[in-house]
Amino acid sequence: MHRERLNHAFFIGLFLIIAGCGGGPERIILRGGTEHLPLLDDRVMRYRETVGTEEHTYTMHMYYAGGRAIRVYPVVVKGIDLGQCMFRSKGDLVYFGTNNPRTALSALPEYRQLWVDETAKPGEEWEDMDTGTKTLFEGFETVTVPAGTFDNCYKTTTIVLPTFMDSLNAWRERGEFTPEEYNDWSAGANDRVVRWFAPGVGLVKEQINGSDHVRELEEVVKPGTGRVNADTTQTD
């Protein structure tokens with residue numbers, strides 16, 4: 001809905017963020033994220049997506065755009081349509097943002113979803129009103145993907161809140177949706193996404209609505225770099 005205007009607004013905002021960070025060799029590149037979702041400049045991850053019997057690969061290339069208390073990492077995704085993406089981290093929290101979500105409760109240039117909260121205990125949950133979803137932190141599991149076997153993976157399950165469908169119906173009644181748009185958006189109303197984040201690696205597996213749609217890490221192509229804090233030369 002109004003996605004062309006939203007895309008334009010997103011790129012303007014991204015340009016302002018990057019422009020405001022300065023440039024040149026003096027700029028300090030900071031590490032972001034947490035233990036289970038590290039964010040590093042020039043980090044490249046390659047994944048394999050399996051949908052039924054079809055397979056293809058895609059890459060996620062992140063870079064540090066700026067910020068200290070809140071560290072911003074735009075992501076260039078190739079091989080799959082995830083929209084314009086960005087990670088933000090603040091302390092123990094890491095958010096994933098996109099301008100092209102399957103679910104949303106308002107017209108925004110970008111929608112944020114909390115992916116990792118390192119302070120959460122197994123069984124705790126949180127809601128993201130931008131995307132109309134609720135996420136449960138399940139605990140820790142061992143996961144095997146093409147990139148290897150990873151212990152102590154941080155596991156979450158995200159489902160769509162009933163308020164999302166209520167909003168869709170309200171928009172349809174006000175004539176803000178064509179029948180095709182309504183069908184497209186309501187397809188995400190029953191989404192159930194399970195994610196696993198490996199310590200020191202990040203997202204290693206994503207299962208969407210069952211085992212027929214899976215995304216798995218194939219390789220960390222480039223580990224990336226970044227100082228832990230602004231006042232140290234330590235890198236990771």
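**Exercise 1.** Which residues line the second largest pocket?

*Solution.* In this predicted model, the lining of the second largest pocket begins with the run Arg31, Gly32, Gly33, Thr34 and Glu35, continues with Arg68, Ala69 and Arg71, takes in Ser89 and Gly91, and ends with Val228 and Asn229. Sorting the residues of this lining by character then gives 2 nonpolar, 6 polar and 4 charged. As a last step, the volume assigned to the second largest pocket is about 160 Å³.

**Exercise 2.** Determine the strand order of the open sheet and identify its edge strands.

*Solution.* The open sheet is formed by 12 strands, and reading across it gives the order β8-β7-β6-β5-β4-β3-β14-β13-β12-β11-β10-β9, with antiparallel pairing. The edge strands are β8 (111-117) and β9 (125-128), each of which pairs on one side only. Neighbouring strands of this sheet are turned by 30° against each other on average, with direction ignored.

**Exercise 3.** Trace the pairing from β10 to β13, naming a bridge at each step.

*Solution.* Start with β10 (residues 133-145) and β11 (residues 148-160), which pair in the antiparallel sense over 11 bridges and are joined by a hairpin through 2 residues; here Val145 has Gly148 in β11 as its bridge partner. Moving on, β11 also pairs with β12 (residues 192-198), again in the antiparallel sense, over 6 bridges, and in this step Lys155 stands opposite Trp196 in β12. Finally, β12 pairs with β13 (residues 202-208) over 6 bridges in the antiparallel sense, where the bridge partner of Ala198 is Gly202 in β13.

Terms used. Residues numbered from 1 in each chain as written. Predicted model: local features only at pLDDT ≥ 70, side-chain atom pairs only at ≥ 80, totals over all residues. Heavy atoms only, no water. Pairing = 2+ DSSP bridges. Helix = DSSP H or I, 4+ residues; strand = E, 2+ residues; numbered from the N terminus. 1 Å grid on protein atoms, 1.4 Å probe; cavity = no way out; pocket = protein on both sides within 12 Å on 5 of 7 lines; lining within 4 Å. Points joined across faces, edges and corners; volume = space filled by probe spheres on them. Nonpolar A, V, L, I, M, F, W, Y, C, P; charged D, E, K, R; others polar. Axes fitted to C-alpha atoms, helices over the stretch in contact; angles between N-to-C directions.
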